[in-house]
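Open the model in your viewer and keep the selection tool ready. We will go from one stop to the next.

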Amino acid sequence: MNTPPSPPGAERTDGSSVQIGALVPLTRPGWVEAGQHLLAGLELAVREVNDAGGIAGRPLELVVRDTAADPQRAAAAVDELARLGVAALAGEYHSVVARAAAARADALGLPFLCSSAVLDALTEQPTAWVARLAPAQSHGWRIYADFLLSAGHRRIAVAAEPSVYWASGARILRDYLAPRGGTVIELDMRAFAPAAVCDELVGNRATALLLLVGHPEPAVSIVKSVRRDQRLAEIMIGAPAGQPEFAEWATLLGDDSAAIPFLRYLPEGLSPLGARVETALRERLAEAPSFVAFEGYDTVAVLANVLRSHGADRARTAESWQRVAVEGTRGLIQFSRAPGISVWQWAWPPIQVVDRDPAEPDRFRILHAG
């Protein structure tokens with residue numbers, strides 16, 4: 001079932017379906033490829049739910065809204081979807097956008113299962129209405145910091161753009177690395193052209209450069225500049241936020257796309273369910289599915305389980321987060337109250353540090369597991 005973004009007025013309001021509002025970035029400046037993978041996972045799971053009889057005999061239906069990486073647009077979409085009567089919200093990839101959506105969902109009393117966003121403070125105050133599948137940034141990025149230390153890196157530069165998400169990531173790395181002998185050198189990308197980053201790396205004797213910047217730009221230009229600079233032949237480039245996960249990265253950078261470690265939320269080996277879903281997603285996407293596609297599938301698997309058990313009542317859905325126990329594509333999904341996290345959290349999905357193999361850039365190498 002391919003569900004395109006629904007035009008205004010096209011939603012079914014006769015009560016024949018149980019509707020889930022889906023928030024996904026499908027146009028720029030959103031990370032479109034991530035949005036497409038997230039939507040593919042959501043849609044595949046909806047199709048399978050309906051093939052198995054739906055929700056107590058009623059079809060499950062996605063009502064899709066493109067957030068385009070815009071927090072205000074996402075908040076407006078939440079308002080609209082709440083008025084349309086959706087039973088719950090699903091999705092979103094960008095952390096800052098998901099934060100805006102979560103704030104509105106909390107204010108409106110609309111259950112929101114966030115698929116992919118990792119920002120720790122997804123809501124300002126603890127909320128019963130929001131749950132999350134992706135690991136919190138503090139958890140995943142500390143695992144990445146452990147990887148850096150184990151690989152011998154102590155002087156680590158971060159090329160960072162201004163945003164709550166990037167600032168949070170830099171702070172997590174700095175706070176974790178400093179007591180362990182690591183130094184984080186922050187390069188404000190408002191002040192440096194990609195080529196000028198190279199001089200800063202040499203001057204600061206950095207052995208690693210982390211890309212805390214947008215995709216494709218300026219990330220791609222920074223990689224090209226560093227790879228061309230003979231003084232930096234030994235430096236490691238890393239991308240904890242996962243820019244190299246998607247095929248566009250390899251297309252834009254070719255051989256330069258490889259050996260750039262990033263975080264990925266997959267187990268070392270997929271279960272039979274995960275393998276079956278991977279095959280179906282690969283067919284749907286005409287390429288290897290990213291971990292984001294699995295997050296989309298698991299989101300609907302959880303919501304369908306809750307809706308079957310408790311109906312489409314929003315309050316009962318929110319009350320049920322703590323009782324969820326659903327076998328997802330990447331393990332048993334259960335939610336708890338994790339310290340410092342304001343939403344119901346799956347603690348934790350599997351986490352890997354991987355990169356693209358220089359000998360075969362379409363193949364991923366697992367470098368570290370958390």
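Select strand 13 and strand 14 (residues 344-346) in this predicted model. The two strands pair in the antiparallel sense, over two bridges. Now show side chains. Phe-335 stands opposite Trp-346 in strand 14.

Strands of a sheet pair through backbone hydrogen bonds, either parallel or antiparallel.

Next, select the whole sheet. It is open and has seven strands, in the order 2-1-3-4-5-14-13. The pairing is mixed. Which strands sit at the edges? They are strand 2 (60-66) and strand 13 (335-336), and each pairs on one side only.

Add helix 3 (residues 95-108). This helix packs on the sheet and touches strand 1 (18-24), strand 3 (88-91), strand 4 (112-114) and strand 5 (130-132). The direction of helix 3 makes about 160° with that of strand 4.

Then add helix 10, which also packs on the sheet. Helix 10 touches strands 1, 2, 3, 4 and 13. Its direction makes about 165° with that of strand 3.

Now look for the largest nonpolar core, with 81 residues. Select Leu-42, Leu-60, Trp-141, Leu-210 and Phe-335: these touch the most other members. Which helix gives the most to this core? Helix 10 (residues 291-310) does, with twelve residues.

Zoom in on Leu-42. Beyond its neighbours within four places in sequence, Leu-42 is in contact with residues including Ala-22, Leu-62, Ala-90 and Tyr-297.

One more core remains to select. It is separate, has 24 residues, and includes Met-189, Val-197, Ile-222 and Ile-260.

Last, select residues 17-338, listed by UniProt as "domain: Leucine-binding protein" in an unreviewed entry. Over this stretch the chain is 44% helix and 17% strand. The end C-alpha atoms are 34 Å apart.

Technical notes
Residues numbered from 1 in each chain as written. Predicted model: local features only at pLDDT ≥ 70, side-chain atom pairs only at ≥ 80, totals over all residues. Heavy atoms only, no water. UniProt positions renumbered as here; feature names shortened; annotations may be inferred. Helix = DSSP H or I, 4+ residues; strand = E, 2+ residues; numbered from the N terminus. Core = buried A, V, L, I, M, F, W, Y, C linked by side-chain atoms within 4.5 Å. Buried < 20%, exposed > 50% of the residue type's maximum accessible area, 1.4 Å probe, protein only. Contact = heavy atoms within 4.5 Å. Pairing = 2+ DSSP bridges. Axes fitted to C-alpha atoms, helices over the stretch in contact; angles between N-to-C directions.
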